[in-house]
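Good morning, and thank you for coming. Please look at the sequence and the structure on the screen while I guide you through several of its parts.

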Amino acid sequence: MVYWNPRIEDMPVSELKAMQLKQLKMLVYKLYTFSSFYRTKMKAKGVTPEDIQTLDDIVKLPFMTKSDLRDGYPDKLFTASPKEIVRYHASSGTTGKPTIVGYTQNDIDNWAESVARGLVSAGLGHNDVLQVAYTYGLFSGGLGLHYAAERIGAAVVPASTGNTERQIDLIRDLGVTAIAATPSYLLHLGEVAEKMGISIKDDTKLRIGILGAEPWSPRMRDRIENWLGIRAIDIYGTSELSGPLYSECSEQCGVHVWSDMALVEVIDPATGEHVAPGEKGELVFTMLQKEAFPIIRYRVGDIATLHEEVCACGRTHPRIGRISGRVDDMIIIRGINVFPSQVEFHLMTNPEVGNEFQIVVDRKGALDTMLIRAELRPEAFGDRVFELDAIKDRITQRLRSALNVGVNVELVEPGSLPRFEGKAKRVVDKRVY
Ligand code: DLL
């Protein structure tokens with residue numbers, strides 16, 4: 001099985017764009033006519049459905065932000081009647097109220113279709129056994145992967161998060177071939193397996209990881225692949241857009257965004273203007289077919305690049321590169337922007353450094369300080385003290401020159417930093433604002 005939906009996945013770009021334009025026009029017309037929220041926003045920007053004649057006209061439409069969604073709590077933005085809604089999920093709501101997302105049956109089907117295409121493109125099929133180790137429940141990760149895996153005929157092990165020893169037993173005993181988890185949880189699972197005397201690489205059939213829901217660097221990918229002997233596939237999505245939605249194909253060169261269902265733009269977060277092709281910027285999504293919870297020009301806050309050239313796998317849909325940070329989790333240290341993903345990237349180039357780290361930001365007097373606590377690998381920890389000092393100096397110098405800020409590094413014992421079952425929290429900001 002190469003394509004899940006060949007008719008769509010390798011459709012010529014011109015046909016895809018024509019399809020998008022038709023859908024965009026219909027969507028804008030529908031929202032302007034039937035939703036007071038969208039009509040008010042469009043009127044405030046002086047735009048009517050007639051103004052949308054080409055795909056480029058999308059820039060005339062207003063942006064949506066997280067605060068629009070929060071103000072709409074719980075269901076002011078819904079455009080389907082309660083009897084049409086078949087499911088609710090909710091974003092984690094770490095800052096303020098969560099966003100509730102409703103789904104009609106078509107929304108659920110389109111969501112499963114998007115992820116099913118991604119799973120097949122990553123090399124999964126009906127012979128696979130997929131252990132879903134994302135949380136099931138209001139978080140969209142568990143059920144999002146679950147329905148897609150069933151759609152392609154794979155067997156699902158709905159393990160959710162936690163009870164790691166049992167997860168490892170299941171992987172071995174059920175011949176699990178693929179696991180869907182946050183990269184940080186998979187690393188934790190690998191460590192626990194080693195403590196149980198089980199090598200994921202040699203003692204299990206695991207061959208693919210569907211990893212996302214948090215940032216992870218290409219270096220982290222290399223480590224996971226080499227250590228666990230699997231192919232590590234990136235999967236991206238946000239609860240507002242539906243949940244996990246888009247993943248890499250087996251070429252592993254960016255996450256395919258299905259153009260028949262979504263239109264993606266990349267903007268300069270400061271000006272709101274489109275960036276030049278291939279440049280980094282904030283991702284903006286318009287979901288072309290969502291019924292219950294429409295999304296028009298939603299600024300997701302994630303920073304990435306967009307690649308429109310046809311992929312080596314033959315799929316014609318654009319790809320987004322690695323998420324290199326978030327507009328809002330960027331740490332500003334003495335006026336310099338630092339992304340946790342940069343720190344991870346530079347730490348992972350050092351063979352002595354383990355898989356976990358923590359960034360502690362504080363303030364001494366008027367000055368910001370940044371301490372990076374990095375776990376050593378068990379092999380490196382036994383080294384003599386003067387050798388550890390030399391390693392620490394080398395890492396500190398590398399980070400200082402790469403990030404352009406004064407940082408201190410502390411090397412800590414393997415296993416001493418917190419582990420996470422869901423999304424990792426690696427930044428501790430102690431500054432008082
Ligand atoms: O994390 C949905 C999801 C579940 C995606 C399972 C992938 C797998 P939220 O909780 O709303 O939804 O968080 C969305 O997580 O805006 C990104 O900042 C981050 N994120 C998600 N996937 C990736 C990824 C789910 N592959 C937020 N790389 C997004 C980097 C990611 N960041």
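Let me begin with a term: two strands are said to pair if DSSP finds at least two bridges between them. With that in mind, please find strand S6, residues 208-212, and strand S7, residues 231-238; these two run parallel and are joined by five bridges. I should add at once that this is a predicted model.

Within this pairing, Leu211 stands opposite Asp234 in S7. S6 also pairs with strand S5, residues 178-181, in the parallel sense, over four bridges. Here Ala178 has Ile208 in S6 as its bridge partner.

How many of the five residues of S6 are buried? Five of the five are, and the strand is mostly covered. As a general point, side chains in a regular strand alternate between the two faces of the sheet. In S6, Ile208, Ile210 and Gly212 point one way, while Gly209 and Leu211 point the other way, and all are buried.

Strand S10, residues 262-267, may be read in a similar manner. Six of its six residues are buried. Ala262, Val264 and Val266 point one way from S10, and Leu263, Glu265 and Ile267 point the other way, all of them buried. The partner strand is S11, residues 281-287, which runs antiparallel to S10 and is joined to it by six bridges. One position to locate is Leu263, which stands opposite Thr286 in S11.

I now turn to the nonpolar cores. In general, nonpolar side chains in soluble globular proteins tend to be buried together. The largest nonpolar core in this model has 71 residues. Which of its members touch the most other members? They are Leu145, Ile210, Leu283 and Phe285. Ile210 is the residue that we have just met in S6. Setting aside neighbours within four places in sequence, Ile210 is in contact with residues including Leu119, Leu145, Ile179, Ile233 and Ile235. Apart from this core lies another, of 48 residues, among them Met220, Leu228, Val405 and Val407.

Next, the ligand. It is surrounded by 20 residues, and the closest are Asp234, Ile235, Ser239, Asp302 and Lys423. Asp234 is already familiar as the residue in S7 opposite Leu211. A polar side-chain atom of Asp234 lies 2.8 Å from a nitrogen atom of the ligand. For Ile235, a polar backbone atom is 2.7 Å from a nitrogen atom of the ligand. For Ala213, a backbone N or O atom lies 3.0 Å from a ligand nitrogen atom.

Let us move to another sheet. Four strands form an open sheet in the order S20-S19-S18-S21, and the pairing is mixed. Which strands are at the edges? They are S20, residues 408-412, and S21, residues 427-429, each of which pairs on one side only. On average, neighbouring strands of this sheet are turned by 20° against each other, direction ignored. Helix H11, residues 340-348, packs on the sheet and touches S18, S19 and S21. The direction of H11 makes about 135° with that of S18. S19, residues 367-376, pairs with S20 in the parallel sense over five bridges. There, Arg373 has Glu410 in S20 as its bridge partner.

There is also an open sheet of three strands, in the order S9-S14-S13, with antiparallel pairing. S9, residues 255-256, and S13, residues 306-307, each have a single partner strand, so one side of each is left without a neighbour in the sheet. S13 and S14, residues 319-320, pair over two bridges in the antiparallel sense. In this pair, His307 stands opposite Arg319.

Finally, let us consider two individual residues. His188 is placed in helix H8, residues 183-195. Why does His188 count as buried? Its relative accessible area is 18%, and buried means under 20%. Not counting residues up to four places away in sequence, His188 touches Thr164 and Arg419. Ala44, in turn, lies in helix H3, residues 36-44. With a relative accessibility of 72%, Ala44 counts as exposed, because the cut-off for that word is over 50%. Ala44 and Arg207 are 163 residues apart in sequence, and their C-alpha atoms are 52 Å apart in space.

Thank you for your attention.

Terms used
Residues numbered from 1 in each chain as written. Predicted model: local features only at pLDDT ≥ 70, side-chain atom pairs only at ≥ 80, totals over all residues. Heavy atoms only, no water. Core = buried A, V, L, I, M, F, W, Y, C linked by side-chain atoms within 4.5 Å. Buried < 20%, exposed > 50% of the residue type's maximum accessible area, 1.4 Å probe, protein only. Contact = heavy atoms within 4.5 Å. Axes fitted to C-alpha atoms, helices over the stretch in contact; angles between N-to-C directions. Near = heavy atom within 4 Å. Polar contact = N/O pair within 3.5 Å; in protein donor to acceptor, adjacent residues only side chain to side chain.
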